[in-house]
Amino acid sequence: MTTRHAVISGASIAGLSAAFWLRRTGWQVTVLERAEAFRDGGQNVDVRGVAREVLARMGLFEAVRALNTTETGTVFVDAAGKVIAELPSDGPDGATAELEVLRGDLARAVLDHLPEGVEIHYGDPIAEVDEHTDAVVMTTATGRVLRADLLVIAEGVRSATRDRLFGDQVDRRELGIAMLFGTIPRTADDDDRWRWHTTTGGRQVHLRPDNRGTTRAMLAYARADDLTHLARADLLARVRDHYAGAGWETSRVLDGFDTSPDVHLDHLTQIRMPTWRRGRVCLAGDAAWCVTPMGGGGASLALVAGYVLAATLSAAEPDTGLAAYEEWMRPLVEDVQQLPRGIERMAFPRTRFGVTTRNTVLKALTSPVLKPLMARFTRVAGSDRPLPPITTGPRTR
């Protein structure tokens, strides 16, 4: 008998989690990544809900906790930097979670602890896919031909392989919100809190500490055009014009972005699909269900997906196992994708009156009386169901 072979396209959190658990359950695993090398850095992500248990089962809980960004809380500030309100950060799943890390640090932790035998090929994405009843055959950009019992597409929100295979089943829901991320020099005025400023014109400015001695900055604004096609200089010029007069630390952030090594623009787009599987192909992470930072919990869902996929396949053949994988994951995803009604108006007010109203509401929601209610909004990737068990011993074909 031959060991089952899985090809995973995408080497970020979802792909690496799938590689970890599939290999742990006896699969031969090959990972293909479009980027030329592992992508370090990135902004804050967190591990919440049932993903904490998955991380513990990987034996990585303490290793990831040691990579904490040093952030201790989340506060809203006015143009002078004065705190208006503070989000509850009590418990492991508060606004600032116990496991608050940089995206690259979390992915690196999984990468460095992959079971022996996982093959990773950088700079060699899938170019062609041929589906058969008993296998999936892939040809990569360099001409490598791989025959597998399973293809896991974990390429991210703009997955080309997903679009090629699932076509019109991909429902892209643009939220009309742009988020521009980058790393800037730390100053003596920076502290250990996530500081969040909102001003008129639907504009936000964020500063967050990291564990590198620098500061992670973000500019977010609503009713945004998709500028992802622009060259960096043109993009920054457009954003600088849009943020004229925004106040607080805006000028510092824009100046820092001019020389930042990792400026990245995300035009927020949810991905919704009627199914995440077809034959011997399945989707995981943002390629299947991008929840965007507005929903939160993307990294947690990615970690959980890898475990659940391997667990369900350890107990069944691909068709039955993939059905069970989707059945278990879908409630978690749909819970996060349902954004509260009116969230854009509240989060991105356009007028001075709107900003004042928002600040008043925030003060009320973070008051001692309503604080427990506010804390519920940070709880994602939670489930009352136990994780599916892993059936020990490799299955063969």
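How much space lies in the largest cavity? In this predicted model, the largest cavity holds about 40 Å³ of space. A search of the whole structure, with a lower limit of 30 Å³, finds one cavity. Empty space of this kind can be located by rolling a probe the size of a water molecule over the atoms. The largest cavity is lined by Ala11, Ser12, Glu33, Ala37, Phe38, Arg39, Arg103 and Tyr122. Sorted by class, this lining comprises four nonpolar residues, three charged residues and one polar residue.

Pockets were also examined. The second largest pocket has a volume of about 170 Å³. Its lining consists of 13 residues, and those nearest the centre of the pocket are His197, Thr198, Thr199, Arg352 and Val355. Strand E13 (193-199) and helix H13 (352-365) are the elements that each give two or more residues to this lining. Helix H13 provides the largest share, four residues. By class, seven residues of the lining of the second largest pocket are polar, four are nonpolar and two are charged.

The packing of two helices was then considered. Helix H2 (residues 50-57) packs against helix H10 (residues 298-314) at an angle of about 55°, and their axes lie 9 Å apart. H2 is therefore oblique to H10. The crossing of H2 past H10 is left-handed. On the side of H2, the contact is formed by Val50, Ala51, Val54, Leu55 and Arg57, while H10 contributes Ser300, Leu303, Val304 and Tyr307. Of the residues in this contact between H2 and H10, seven are nonpolar, one is polar and one is charged.

Note on methods. Residues are numbered from 1 along each chain as its sequence is written. This is a predicted model: local features need pLDDT of at least 70, side-chain atom pairs count only at pLDDT 80 or more; totals for chains, interfaces and linings use all residues. Side-chain values use heavy atoms; hydrogens and water are left out. On a 1 Å grid over the protein atoms alone, a cavity is a set of points where a 1.4 Å probe fits but cannot get out, and a pocket is an open set with protein on both sides within 12 Å along at least five of seven lines; lining residues have an atom within 4 Å of a point. Grid points are joined across faces, edges and corners, and a volume is the space filled by probe spheres set on the points. Ala, Val, Leu, Ile, Met, Phe, Trp, Tyr, Cys and Pro count as nonpolar, Asp, Glu, Lys and Arg as charged, and the others, Gly among them, as polar. Axes are lines fitted to C-alpha atoms, for helices over the stretch in contact, and angles run from 0 to 180 degrees between N-to-C directions. Angles under 35 degrees count as roughly parallel, over 145 as roughly antiparallel, 65 to 115 as roughly perpendicular and the rest as oblique. A crossing is left-handed if the near helix is turned anticlockwise from the far one by less than a right angle, and right-handed if clockwise. Contact means heavy atoms within 4.5 Å.
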